[in-house]
Amino acid sequence: MWKYSPERFTTFVPEKITPMITFELQEEEYIELIKLLKVTRVAESGGMAKQLVENGEVTRNGTVEHRKRAKIRKGETISALGQTIKVV
């Protein structure tokens, strides 16, 4: 006879590892948040980028960012839709 044992059916699911996107600012001092989301293809369009920011789905250095045109500078980290962007 089989006996149900919770330990027996427990499975290990590793945490999802998200790749880091590196975005290099070359001549500019900053890039606007919605432009960064579009250029890195985290958002499919400008409208989608704006919606993500409005809904509070974008974090800047670990804090929710609600400004669509926030000036993102070198050294900052942006996260949205499970992806992380490092600006260098």
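Two strands count as paired if DSSP finds at least two bridges between them. With that in hand, the sheet of this predicted model can be read strand by strand. An open sheet is formed by 5 strands, in the order 1-7-6-3-4, and the pairing is mixed. At the edges stand strand 1 (20–23) and strand 4 (63–64); each has a single partner strand, so one side of each is left without a neighbour in the sheet.

A good place to begin the tour is strand 1. Its partner is strand 7, and the two pair in the parallel sense over 4 bridges. Within this pairing, Met20 lies opposite Thr84 of strand 7, while Phe23 has Val87 of strand 7 as its bridge partner. Strand 7 also pairs with strand 6, and here the two strands run antiparallel, joined by 4 bridges. Ala80 faces Gln83 of strand 7 across this pairing. Strands 6 and 7 make a hairpin with 2 residues between them, and in the turn Leu81 has a positive phi of about 50 degrees. More generally, the strands of a sheet pair through backbone hydrogen bonds, in either a parallel or an antiparallel way.

The next stop is the interior. The largest nonpolar core contains 19 residues, and those with the most contacts inside it are Leu33, Leu36, Leu37, Val58, Ile72 and Ile78. At least two residues of this core come from each of helix 1 (33–39), helix 2 (46–54), strand 6 (77–80) and strand 7 (83–87). Helix 1 gives the largest share, with 4 residues.

Ile78 offers a helpful view of these surroundings. When its neighbours within four places in sequence are left aside, Ile78 is in contact with Leu33, Leu36, Leu37, Val58, Thr59, Arg60, Ile72, Gln83, Thr84 and Ile85. Several names met earlier return in this list, among them Gln83, the residue opposite Ala80, and Thr84, the residue opposite Met20.

Last comes a residue of helix 2, Met48. How buried or exposed is Met48? With a relative accessible area of 28%, Met48 is partly exposed, because that class covers values between the 20% limit for buried and the 50% limit for exposed. Beyond residues up to four places away in sequence, Met48 touches Val42, Ala43 and Leu81; Leu81 is the turn residue of the hairpin between strands 6 and 7. Met48 and Ile34 are separated by 14 residues in sequence, and their C-alpha atoms lie 8.9 Å apart in space.

Terms used. Residues are numbered from 1 along each chain as its sequence is written. This is a predicted model: local features need pLDDT of at least 70, side-chain atom pairs count only at pLDDT 80 or more; totals for chains, interfaces and linings use all residues. Side-chain values use heavy atoms; hydrogens and water are left out. A nonpolar core is a set of buried Ala, Val, Leu, Ile, Met, Phe, Trp, Tyr and Cys residues joined through side-chain atoms within 4.5 Å. Buried means under 20% relative accessible area, exposed over 50%, partly exposed in between (1.4 Å probe, protein chains only). Contact means heavy atoms within 4.5 Å.
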